[in-house]
Amino acid sequence: MNILFILVGDEKMPKIYSEEKRQEIKKQLMGTGLELIKHNGLRKMSVEEITKRVGIAQGTFYNFFKSKEMMVYELANEYQERTNHKMEKIIQSKGCLDREDFRELYYGMILKDEDNVYRFLKREDIQILLMRLPSDCLRKMPDTKVEIERILRFVNKKKEKYDLDAIINWIQVMNLTIENKDILVEAGVEKIINSMLENMLNEIF
């Protein structure tokens with residue numbers, strides 16, 4: 001059992017939650033936070049609004065996360081774990097990743113997956129996270145080059161000599177496009193991302 005303290009005025013009233021209830025509340029907080037980021041952005045998403053929608057006292061939020069930035073960090077980690085699991089299932093089933101698998105994974109991450117919090121962050125939001133997250137969290141963030149090299153080990157029929165720097169640059173350009181999509185013509189974003197995705201794939205296959 002975990003004892004959480006619900007703030008009422010200036011008093012702390014103990015409220016006991018089972019581990020199951022605790023996990024349920026945490027899931028609600030993260031889901032609500034993600035929805036608010038989608039609609040309002042990170043800067044306008046507040047702990048007050050999250051807890052109001054979940055139906056708990058504002059101070060209770062900090063029994064789950066040290067800050068709203070830490071909640072975003074956990075959202076990103078959960079998404080990365082699900083993506084890794086999806087990739088591992090493909091590899092277990094087929095023994096490798098082919099061009100279409102690679103395309104589907106990155107198309108999902110960049111344009112489709114509603115649980116990828118980074119899809120809904122602007123460049124300035126990323127900067128805020130980098131400034132406010134603890135240094136140990138920043139050190140744990142996956143290195144793009146290391147991750148791509150790891151994934152490429154499982155790719156079937158890739159070029160004998162491919163340009164790793166170019167692959168990484170295409171990924172970064174796609175990320176920058178999504179982060180700054182508010183200054184682009186919305187109807188053309190998917191088309192330009194698909195074009196860049198094909199260029200990245202052509203560097204690999």
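A nonpolar core, as the term is used here, is a set of buried Ala, Val, Leu, Ile, Met, Phe, Trp, Tyr and Cys residues joined through side-chain atoms within 4.5 Å. Keep that in mind as we walk through this model, which is a predicted one.

Let's start with the big picture. The protein chain has two strands and nine helices, and the order along the sequence is β-β-α-α-α-α-α-α-α-α-α. If you draw a box along the principal axes, the C-alpha atoms fill roughly 65 × 40 × 30 Å. Of the 205 residues in the chain, 40% are buried. Take the contacts between residues at least 6 apart in sequence, and 61% of them turn out to join residues at least 24 apart.

What about the outside? The accessible surface comes to about 12,500 Å², and carbon and sulfur atoms account for 50% of that. On the charge side, there are 35 positive and 35 negative side chains, with the centres of the two sets 0 Å apart.

Now for the inside. The largest nonpolar core holds 30 residues, and those touching the most other members are Leu29, Ile37, Leu42, Met45, Ile50, Met71 and Val72. Helix H1 (19-40), helix H2 (47-54), helix H3 (68-94) and H5 each give two or more residues to this core. Apart from it lies another core, this one of 28 residues, including Tyr79, Ile178, Ile193 and Phe205.

Leu42 is worth a click in your viewer. Setting aside neighbours within four places in sequence, Leu42 is in contact with Ile37, Lys68, Val72, Leu121, Asp125, Ile128 and Leu129. Ile37 and Val72 appear in that list, and both are also among the core residues that touch the most other members.

Next, hop over to Asn116, in the loop between helix H4 (99-112) and helix H5 (123-132). Is Asn116 buried or exposed? Its relative accessible area is 7%, so Asn116 counts as buried, the cut-off being under 20%. What does the side chain find there? One of its polar atoms lies 2.6 Å from the backbone oxygen of Met109. Beyond neighbours within four places in sequence, Asn116 is in contact with Tyr79 and Met109. Tyr79 is the residue we just met in the 28-residue core.

Finally, look at Arg150, which sits in helix H7 (residues 144-152). With a relative accessible area of 22%, Arg150 is partly exposed, because that class runs between the 20% and 50% limits. Leaving out neighbours within four places in sequence, Arg150 is in contact with Asn84 and Met87.

How values were computed. Residues numbered from 1 in each chain as written. Predicted model: local features only at pLDDT ≥ 70, side-chain atom pairs only at ≥ 80, totals over all residues. Heavy atoms only, no water. Helix = DSSP H or I, 4+ residues; strand = E, 2+ residues; numbered from the N terminus. Buried < 20%, exposed > 50% of the residue type's maximum accessible area, 1.4 Å probe, protein only. Polar contact = N/O pair within 3.5 Å; in protein donor to acceptor, adjacent residues only side chain to side chain. Contact = heavy atoms within 4.5 Å. Areas by Shrake-Rupley, 256 points an atom, 1.4 Å probe, with all protein chains shown as cover. Lys, Arg positive; Asp, Glu negative; His and termini not counted. Charge placed at Lys NZ, Arg CZ, Asp CG, Glu CD.
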